[in-house]
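Here is a set of exercises to work through with the coordinates open beside you. Try each task before you read its solution.

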Amino acid sequence: NPDDETALEIRKDFFETDLIVNATKGQLAELRGDISRLTDEGNYGYAAIKANDALLVSEKIYGVDHHETGQSLNTLASNYISLNKHNKALPLLLKAKDIYEKVYPSTDHKQVFPLSNLGKVYSFNKKYKKANLLFQRVLTIEEENHQENHIDIAYALTDLAGNYAVQQEDAKALPFYLSALAIVEGNYGTSHPDIVLFLDSLAILYDRIEDEEKAKAMRLKAD
């Protein structure tokens, strides 16, 4: 895959003017389809190129403060996170968060997208308190919008657990992981690939709190 920064500069030189002048809603939809496909394939560098194009088109069609532009900001930031370019994602997410908070009610489920990504960036940058506040807010929104066993709640619990785990606050992380595991098993069964990830994480936490019996049980269950 090409370096995404170099590729973006090349596109700026040759394509941006034409892209902005001829921006259409159909073009935006096509770009978003390409981004989804590339992301599914793990081609985050190329997805970031398309996401940058989508942002330019969104701003041209809708303006810089529209929710469609907020979505494009979040999408580009998501790909930067996948490329471990968290500092590039941060300003995009702060802008997306500001747009979403102006456009949507505070408990609208759409708020989750920039908040969750912003929490991941803060956690990566070791700003754990900021990350925790965002992950707690995401969990609250998920709980207000879904039944208690909805899979999105499991993902919100996992983000909280992970943020505590990287700080080695294992006693705080454990109940969130256990709750998330129960929801995932309830939705997908015990053979889903995500189950192994949860069990491995739990085994590591039990190792760290020196509960060898439970750590062994998690590993046996994962096998």
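Before you start, one term: a residue counts as buried when its relative accessible area is under 20%, as exposed when that area is over 50%, and as partly exposed in between. By this cut-off Tyr164, at 11% relative accessibility, counts as buried. Keep in mind that the model is predicted.

**Exercise 1. The fold at a glance**

Task: Describe the secondary structure and overall extent of the protein chain.

Solution.
Step 1. Count the elements: the protein chain has 12 helices and zero strands. Read from the N terminus, the order is therefore α-α-α-α-α-α-α-α-α-α-α-α.
Step 2. Take the extent along the principal axes: the C-alpha trace spans about 65 × 40 × 30 Å.
Step 3. Look at burial: 42% of the 223 residues count as buried.
Step 4. Turn to the contacts with a separation of 6 or more: 58% of them join residues 24 or more positions apart.

**Exercise 2. Checking a helix**

Task: Test whether the span of helix H6 (residues 86-103) agrees with its number of residues, and find what its buried residues pack against.

Solution.
Step 1. The expected span of a helix is 1.5 Å times one less than its number of residues. For the 18 residues of H6 this gives 26 Å.
Step 2. The end C-alpha atoms of H6 are 25 Å apart, which agrees with that expectation.
Step 3. List the buried residues of H6: His86, Ala89, Leu90, Leu92, Leu93, Ala96, Ile99 and Tyr100.
Step 4. An α-helix has 3.6 residues a turn, so residues three or four places apart point the same way.
Step 5. Look across from these buried residues: they pack against H5 and H7.

**Exercise 3. Aromatic pairs**

Task: Classify the pair Tyr100 and Tyr104 and the pair Tyr164 and Phe176.

Solution.
Step 1. A pair of aromatic rings is described by the distance of the centres and the angle of the planes. The structure holds three aromatic pairs, and two of them are treated here.
Step 2. Tyr100 and Tyr104 lie 5.3 Å centre to centre with 70° between the planes. Planes over 60 degrees apart count as edge-to-face, so this pair is edge-to-face.
Step 3. Check burial: Tyr100 has 4% relative accessibility and Tyr104 has 14%, so both count as buried.
Step 4. Tyr164 and Phe176 lie 6.0 Å centre to centre with 10° between the planes, and this pair is stacked. The pair links distant parts of the chain, with Tyr164 in helix H9 and Phe176 in helix H10 (residues 170-188), 12 residues apart.

**Exercise 4. The largest pocket**

Task: Find the volume of the largest pocket and say which helix gives the most to its lining.

Solution.
Step 1. The largest pocket holds about 660 Å³ of space. Among its 20 lining residues, Ser116, Asn117, Lys120, Tyr155 and Asp159 are the closest to its centre.
Step 2. At least two lining residues come from each of H5 (67-82), H7 (112-124), H8 (128-145) and H9 (151-166). H9 gives the most, with eight residues.
Step 3. Sort the lining by class: seven residues are nonpolar, nine polar and four charged.

**Exercise 5. One residue in its surroundings**

Task: Place Ala215 in the structure and list its contacts beyond four places in sequence.

Solution.
Step 1. Ala215 belongs to helix H12 (residues 212-222) and is buried, with a relative accessible area of 1%.
Step 2. Leaving aside neighbours within four places in sequence, Ala215 is in contact with Ala203, Tyr206 and Asp207.
Step 3. Compare sequence with space: Ala215 and Leu202 are 13 residues apart in sequence, and their C-alpha atoms are 7.1 Å apart.

Terms used
Residues are numbered from 1 along each chain as its sequence is written. This is a predicted model: local features need pLDDT of at least 70, side-chain atom pairs count only at pLDDT 80 or more; totals for chains, interfaces and linings use all residues. Side-chain values use heavy atoms; hydrogens and water are left out. On a 1 Å grid over the protein atoms alone, a cavity is a set of points where a 1.4 Å probe fits but cannot get out, and a pocket is an open set with protein on both sides within 12 Å along at least five of seven lines; lining residues have an atom within 4 Å of a point. Grid points are joined across faces, edges and corners, and a volume is the space filled by probe spheres set on the points. Helices (H or I, at least four residues) and strands (E, at least two) are DSSP runs, numbered from the N terminus. Ala, Val, Leu, Ile, Met, Phe, Trp, Tyr, Cys and Pro count as nonpolar, Asp, Glu, Lys and Arg as charged, and the others, Gly among them, as polar. Rings of Phe, Tyr and Trp (its six-membered ring) pair if their centres lie within 6.5 Å; planes under 30 degrees apart count as stacked, over 60 as edge-to-face and the rest as tilted. Buried means under 20% relative accessible area, exposed over 50%, partly exposed in between (1.4 Å probe, protein chains only). Contact means heavy atoms within 4.5 Å.
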